[in-house]
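Got your viewer open? Here's a short tour of what to select and what you'll find there.

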Amino acid sequence: MTTTTTTSATARRASGAAPGRLPGAWTLGLHRGVLELKQFFRRREQVVFTFAFPVVFLALFASIFRDDVRGAGVTASQLYAAAMIASGVMSTSFQSLGVSIALERDEKVLRRLRGTPMPPAAYFLGKLWLVLVSGIAETVLLLVVGTALFDLDLPTGAATWLTFAWVLALGLTGCALLGIAISSVPRSGKSATSVVVLPFLVLQFISGVFISIDTLPDWMLTVGALFPLKWMCQGFRGVFLPDSAAVLEQAGSWEYGRIALVLGAWCVGGLVLCLLTFRWKSRRDG
């Protein structure tokens, strides 16, 4: 009894909780986020794949297609560099969470966590901390590669950096919530990669990541516009490319208001989807 009491008191002091009171969801979520980051960076293959995937595709496409884009005042490699930042954001949020949570559910990790006193919100906060840190790290890496090798120009004004910040924040949040929601679709952890990666790959083609937006058929543009990736690509192109490149967009402008509206709607809609679809147990467990 004495040992248990001492251990509990030590845990409360480590988490910053007052004596006799359990730490709140925010504090536990922060500690859970630290744990998620440690687990993530200990899996070297996962780290390499997550960070290298967008960089490799950026290097391939931007190296193959380097010609000037007629009437836009930019090169094709600059277009790819700007759009690939959005792909990297979705890779570290939607794809990463969609696969990892499905695996944790299949391995009964979620079921065991649900049986502990930890508030459910702390688990999701931990995942969001993981997405925030890895998403920012991926973005910085792509910016370094884009500016060093493919002539991507960094913004010089505070207003442009502010635009970059809110597009990144809304994009990360919306894609993370969508990743949590889609994690309930795979029937098992083994099928999670196929279920999550395939739609992500298709979205990259119809959202202006691999193919210039002005060459896509209208029906593809309509489908792509339903999802956040297309709007993140457009927002980042507006941040890193000159105004002359806006002629390549479907509306002929950057449409920052619509970008904010769609990404904000995905944050709200993604939260609703999570609340309606998330399961702590796999289908085999009932």
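## Empty spaces and a helix pair

Start with the largest cavity, which has a volume of about 60 Å³. Keep in mind that this is a predicted model. The count of cavities of 30 Å³ or more comes to 1. To see its walls, select Ala102, Arg105, Asp106, Ser183, Pro186, Arg187, Ser188, Gly189, Arg279, Ser282 and Arg283, which line the largest cavity. Colour them by class and you get 5 charged, 4 polar and 2 nonpolar residues.

Next stop: the largest pocket, with about 460 Å³ of space. Pick Arg43, Gln46, Ser96, Ser100 and Leu103, the closest to its centre among the 21 lining residues. Now show α2 (25-42), α3 (44-64), α4, α6 and α8 (192-206), the elements that each give two or more residues to that lining. Which of them gives the largest share of the lining? That's α4, with 7 residues. Overall, the pocket lining splits into 8 polar, 7 nonpolar and 6 charged residues.

Stay with α4 (residues 76-106) and add α6 (residues 120-149): the two pack at an angle of about 150°, their axes 9 Å apart. Because of that angle, α4 is roughly antiparallel to α6. Their crossing is right-handed.

To light up the contact, select residues on both sides. In α4, include Met84, Ile85, Val89, Leu97 and Ile101; in α6, include Tyr123, Val131, Leu142 and Leu143. Polar and charged residues take part too, among them Thr92, Ser100 and Glu104 in α4 and Lys127, Ser134 and Glu138 in α6. By class, this α4–α6 contact has 10 nonpolar, 8 polar and 3 charged residues.

Note on methods. Residues numbered from 1 in each chain as written. Predicted model: local features only at pLDDT ≥ 70, side-chain atom pairs only at ≥ 80, totals over all residues. Heavy atoms only, no water. Axes fitted to C-alpha atoms, helices over the stretch in contact; angles between N-to-C directions. Helix = DSSP H or I, 4+ residues; strand = E, 2+ residues; numbered from the N terminus. Parallel < 35°, antiparallel > 145°, perpendicular 65-115°, else oblique. Left-handed = near helix turned anticlockwise from the far one by under 90°. Contact = heavy atoms within 4.5 Å. 1 Å grid on protein atoms, 1.4 Å probe; cavity = no way out; pocket = protein on both sides within 12 Å on 5 of 7 lines; lining within 4 Å. Points joined across faces, edges and corners; volume = space filled by probe spheres on them.
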